[in-house]
Amino acid sequence: MEQNEPMRWRDWWLRLEAEFTLPSWSCHGPEHWRSVERNAIVLASRTPGADLEVARAFALFHDSQRLDDGWDQEHGPRAARFIERHRREIPLTDEQIAVLVRACAGHTIGAPLDDPTIGVCWDSDRLDFDRFRYDKPRPEYMSTPAARDIALEGGDIRARIRRMLWDLQSRKTP
Ligand SMILES: [Fe+2]
Ligand SMILES: [Fe+2]
């Protein structure tokens, strides 16, 4: 492969999983990224105007440059700089990259907003808070009505999202 040629998403996942510096059991590691991706698929299907490709890319990149499992408040901007550095290897348009960079840079402290794509990105991450056990996703931190409804209902959100994803996929395959 020539340098800077766009990589396939499958190869991006393998690369970032291999390069992730925290232990495999990290609560911000690949298991969390996959959960955020499932949330993104479900939320994007219920959010008009959301760009699913960007939201799936966010799931992969947003925590990939973490240096610890604590606050690490620079990890969002670090992920944004990583994306800009590797822009030519990422199979997205310039417009999509600009949204992805903004979503990653602000994902830890961003207040709920109206942008459907960034809203789906942030909500997909915030809906996975129950992995910490000591906290639950808060409806008031969500940007999209779909995520607000899921957070309000509470319960085992990971299990419910899996069921919603299953319903979504079974509707697509006759
Ligand atoms: Fe994060
Ligand atoms: Fe995250």
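Modeller: A quick definition before we start: a residue is buried if 20 or more other C-beta atoms lie within 10 Å of its own, exposed if 12 or fewer, and partly exposed in between. And keep in mind that this is a predicted model.

Colleague: Got it. Is F129 buried, exposed or partly exposed?

Modeller: F129 sits in the loop between helix 6 and helix 7. Count its C-beta neighbours inside 10 Å and you get 16. Buried takes 20 or more and exposed takes 12 or fewer, so F129 comes out as partly exposed.

Colleague: And which residues does F129 touch, leaving out those up to four places away in sequence?

Modeller: There's a far-off partner to look at beside it: C27 is 102 residues away from F129 in sequence, and their C-alpha atoms are 9.7 Å apart in space. The contacts of F129, though, once residues up to four places away are set aside, are D135, K136 and P137.

Colleague: Let's go to the middle. Which helix gives the most to the largest nonpolar core?

Modeller: That core has 34 residues, and A55, F58, L100, A103 and C104 touch the most other members. Several elements give two or more residues to this core, including helix 2 (30-45), helix 3 (52-61) and helix 5 (94-105). The biggest giver, with seven residues, is helix 3.

Colleague: L100 is on that list. What does L100 touch, not counting residues up to four places away in sequence?

Modeller: L100 is among the core residues that touch the most other members, and so is F58. F58 also turns up among the contacts of L100, which read V54, A57, F58, I83 and L92.

Colleague: How do helix 3 and helix 5 lie to each other?

Modeller: Their axes come within 10 Å and cross at roughly 45°. The crossing is right-handed. Roughly parallel would need an angle under 35 degrees, and roughly perpendicular runs from 65 to 115, so helix 3 and helix 5 are oblique.

Colleague: How many nonpolar residues are in that contact of helix 3 with helix 5?

Modeller: From helix 3 come E53, V54, A57, F58 and F61, and they meet Q96, V99, L100, A103 and C104 in helix 5. By class there is one charged and one polar residue, and the nonpolar count is eight.

Colleague: What about helix 2 and helix 6: at what angle do their axes cross?

Modeller: Helix 2 passes helix 6 in a right-handed crossing. On one side V36, N39, A40, L43 and A44 of helix 2 make the contact, on the other V120, D123, S124 and D125 of helix 6. By class that's five nonpolar, two polar and two charged residues. The axes come within 8 Å, and the crossing angle is roughly 135°.

Colleague: Where does D72 lie?

Modeller: D72 has a phi near 30°, a positive value in a residue other than glycine. With 16 C-beta neighbours inside 10 Å, D72 counts as partly exposed. As for its place, D72 lies in the loop between helix 3 and helix 4.

Colleague: Last one: which residues is R160 in contact with, leaving aside neighbours within four places in sequence?

Modeller: R160 belongs to helix 8 and is partly exposed, with 15 other C-beta atoms within 10 Å. Q65 is 95 residues away along the chain, and the C-alpha atoms of the two are separated by 29 Å. Beyond its sequence neighbours, the contacts of R160 are I150 and G155.

Technical notes: Residues are numbered from 1 along each chain as its sequence is written. Chains are lettered from A and ligands numbered from 1 in the order in which they are written. This is a predicted model: local features need pLDDT of at least 70, side-chain atom pairs count only at pLDDT 80 or more; totals for chains, interfaces and linings use all residues. A nonpolar core is a set of buried Ala, Val, Leu, Ile, Met, Phe, Trp, Tyr and Cys residues joined through C-beta atoms within 7 Å. Helices (H or I, at least four residues) and strands (E, at least two) are DSSP runs, numbered from the N terminus. Two residues are in contact if their C-beta atoms, placed from the backbone, lie within 7 Å. Axes are lines fitted to C-alpha atoms, for helices over the stretch in contact, and angles run from 0 to 180 degrees between N-to-C directions. A crossing is left-handed if the near helix is turned anticlockwise from the far one by less than a right angle, and right-handed if clockwise. Ala, Val, Leu, Ile, Met, Phe, Trp, Tyr, Cys and Pro count as nonpolar, Asp, Glu, Lys and Arg as charged, and the others, Gly among them, as polar. Angles under 35 degrees count as roughly parallel, over 145 as roughly antiparallel, 65 to 115 as roughly perpendicular and the rest as oblique.
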